[in-house]
Structures are given as C-alpha cells and as structure tokens.
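Hi everyone, thanks for coming. I'd like to walk you through one structure today, so please get the viewer open.

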Amino acid sequence: MKETFIVADNVISPLGWTSGENFSALLEGRSGIRYVENSDFSPTSIHAAVLDDSVFDKKSKQAGFDSTAWTKFERLALLSISEALSQTNIDLKNPETAFIFSTTKGNIAFLNGFNSRSPNLLLHKTAEKIAHAFGFKGLPIVVAHACISGVAAILTGKRLLESGQFKYAVICGADVVSRFVVSGFQSFQALSDEPCRPFDKQRNGLNLGEACGTVVLSLDPNLALGKQPIVVKAGAISNDANHISGPSRTGEELSTAINKALAQAQTDVDFISAHGTATPYNDEMEAKAFCLSGLQEVPLNSMKGNFGHTLGAAGLIESIMCIESLRQDIILPSLGYVEHGVSQPIKVNRQAVEKPLNACLKTASGFGGCNAAVVFGKQVLDRIYNG
C-alpha cells in the first residue's frame, strides 16, 4: 500500500517565522494573542493574535514580495511556501506536482475597499496567482471548507497521491484577521474579552488569529532534507447536519470521523490535538466525541490559546505542531486550561510531557457541522507493522 509522507513544512504566525520557532514558543507556553486597539478590523478593542505589520512588511520586501503587487494575505502564503520549498528539491514544473490552497476567507478585506468587485476576492484567482509565482503547472485546487479546511486539504493531498494522480503536493493554508471576519464573530457574540481558555470552566469564547502553514507531501520519504518524514496515516470527514453555526449536541458525528480514521490507521494514538476553540458548545461537543471514541485517557491539548483561531490555516499549522511533537517526543501543554470545564472526563494536558511518541490524532470542526480527523505517525511504525 502506498503511503504519503510530509517531507517539509513551515508555520508563520505572531510567534515565529518557522515551524521550529513556533514549536519552541508553544513549548515555553507563549501566546501570540494580545490586546489590539485602534485597528482597521474592529471599531472596538479585541484580543487577537495578529502579525507585527512592520516586521512582516520588512520580511516580505526582503523576499521580493512587494506590497504594491501582493496583498498581506498573499504575501503570507508566498513567504510560507518559499520556506517549506527550501527544505526539499521537488520540481514544481512537473505536472505531477499538485498545489492545494486552503483558506476560508482569502482576500475578503477587499470588501472594505474601493474595489469590491476585484478578482482578488475570488479564491481560485488568488490561488492561480500564487501558483503562477512559483511556476506550478496545472490548475490549483482550493479547499474552502470552513474551519476544517486545513485538515481537509491534507486529506485531499493524501488521496490524490495515493490514487496515482500526482507524485507530490504542496499544501498551503492561510487566513488573516479582517473587519469582515471580526464582525461576523462579534455578531455571534463568540469573541472572548480575554485570552481564550479551551476546555476551561471559565472559557467564554475564542480569539481570532492570523497565520499560514505549508506542508509538502510525497510518496518518497527520502525527499525530506534534514527533517524526519512523518506519515499521514489516515483520515476521515463527517457532518453533523445539525445547524449552520452550532455543533452537534452529542458529538457522535465527530466521533464517527475519529473512529474511521483510527480504524484505517490501525494504531493507537499517544496524544490528541483538539480543535478546542474555547467556545462553550465546541469544547463540550469535542469532549463528548472523544469519550464516545474511548479516548478519554489520551492526553489532549488545544493550540488556540497560543495561535488564536486562524480559520483556514488552523488545521495546517496545528497539524505541523503535532508533527513536530512526534519528531521531538514532546506533548505540548494546553495554554489557558486551569479548571476542568466540560462534562466529560477528558485528559487536558497542563504541562509539556516528554515521552516516546509514535502517533497522534488531530481533529477539527467548523460551521455547517463539518468535522475532520487525521492520524499522523512515524515511519518506523509501518515498518514494524508490515514485518
């Protein structure tokens, strides 16, 4: 059976410009969430994880991505893709190299400007523009599936490679904080007035964040230059069919995706990276799902207290942090968790734990009732399993 490997990766967030910098920040318990006032994206002050624009502009200019030709959203993707590609030597001009772009809102900030009919508002046009900059052949694939977009994009890449349609896939997920997005979550009264606290008794909402993550998939693990390749072992997607914005009341549907992923992976998992938005209903639903799947004793964390909720980037950047956890044999803590605040007895991690790790589960959920689960593992597992 063919296997798909992650051979290169990058994360850009307010906590760092590489996967390593971001993982170190999470290990130290740092958060990119800060008090933001007098911003273009909110008439009132909010807590959010936003990039330092002066540093971002400087790095963009150094890389040759001028703000006159590229939006902030596009430059974020360009910088992340460039860093990930520097870790491998795949041929982007090979028609067997796919480009998959994950986002929920893209250049939605154009709605606030003078040209609300700009083609840059169209996700496929933005993806084509970025693909052209790197010389990809063929049309890019856009995955815009609410907040499971990043995980869904990884599973899309895995299926394309294992079906024989492509040999490589570059997957990038990005979103930035905008007036449109902030207004939407404010209308739901879903934003917290303090740094968010996933699964905690005092949680009262989420913080928005902006970030970008990129992974390179290959059927050949030897294409990794300097990093341990990690296997995308299995994954599944389900839907609640419950409500446009409210998650399942029972957690059964996320549990279904988890069970399918674990059955296909044929392995136990050492930890879980939950979606963990710190909203009352999401965290309760996930806790029920984990218990329905018999995972209540598995260490669990949420990274929303570090990154905020980065929408279409969340599934990718959090997956990359899971992968780095496997590489370094460290389970990350869940920032903001103090007192247990869900009805189910899940095992939320309060501090970093060093132990041998072989596999992990990453989950995501989003508007429209969508759910996703993916299992990552070390390559050695399959060598042992196949005898």
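Let me begin with a question: is D57 buried, partly exposed or exposed? Before you turn to your screens, please keep in mind that this is a predicted model. And here is what the model gives: D57 has a relative accessible area of 37%, so it counts as partly exposed.

Now, what does D57 pair with? D57 makes a salt bridge to R75, with 3.0 Å between the closest N and O atoms. D57 sits in helix α2 and R75 in helix α3, so to speak two distant parts of the chain, 18 residues apart, are linked by this pair. The two ends have their own surroundings: R75 is buried, at a relative accessible area of 7%, while D57, as I said, is partly exposed.

If you stay on those helices, you'll find another pair. D53 forms a salt bridge with K72, and here the closest N and O atoms are 3.2 Å apart. D53 belongs to helix α2, which runs over residues 53-62, and K72 to helix α3, residues 72-85, so this bridge ties together parts that are 19 residues apart in sequence. Both partners count as partly exposed: D53 has 42% relative accessibility, and K72 has 24%.

Let's follow helix α3 to one more bridge. The side chains of E74 and K129 meet in a salt bridge, at 3.1 Å from N to O. E74 is in helix α3 and K129 in helix α4, residues 123-134, so we have a link between distant parts of the chain, 55 residues apart. What is the relative accessibility of E74? The value is 0%, so E74 counts as buried. Its partner K129 is partly exposed, at 27%.

Those bridges are part of a longer list, as the structure holds 16 salt bridges. Some of them share partners, and in that way D9, K227, E324 and R327 are joined into one network.

Okay, let's zoom out to the chain. How many helices and strands does the chain have? There are 11 helices and 16 strands. The radius of gyration is 19 Å, close to the 21 Å that the globule rule gives for 387 residues, so the chain is as compact as a globular protein of that length. If you'd like dimensions, the C-alpha trace spans about 50 × 50 × 40 Å along its principal axes.

Turning to the inside, 60% of the 387 residues count as buried. As for contacts, take those with a separation of 6 or more: residues 24 or more positions apart account for 78% of them. On the outside, the accessible surface comes to about 15400 Å², and carbon and sulfur atoms make up 50% of that. For the charges, there are 34 positive and 37 negative ones, and their mean positions lie 3 Å apart.

One last stop, and then I'll hand over. Please find E194, in the loop between α6 (179-187) and β7 (208-209). E194 is partly exposed, with a relative accessible area of 28%. Which residues does E194 touch, leaving out those up to four places away in sequence? They are H47, Q202, N204 and N207. V170, on the other hand, is 24 residues from E194 along the chain, and their C-alpha atoms are separated by 36 Å.

That's my tour, thanks for listening!

Terms used
Residues numbered from 1 in each chain as written. Predicted model: local features only at pLDDT ≥ 70, side-chain atom pairs only at ≥ 80, totals over all residues. Heavy atoms only, no water. Salt bridge = Lys/Arg side-chain N within 4 Å of Asp/Glu carboxyl O. Helix = DSSP H or I, 4+ residues; strand = E, 2+ residues; numbered from the N terminus. Buried < 20%, exposed > 50% of the residue type's maximum accessible area, 1.4 Å probe, protein only. Rg over C-alpha atoms; globule rule 2.2 N^0.38 Å. Contact = heavy atoms within 4.5 Å. Areas by Shrake-Rupley, 256 points an atom, 1.4 Å probe, with all protein chains shown as cover. Lys, Arg positive; Asp, Glu negative; His and termini not counted. Charge placed at Lys NZ, Arg CZ, Asp CG, Glu CD.
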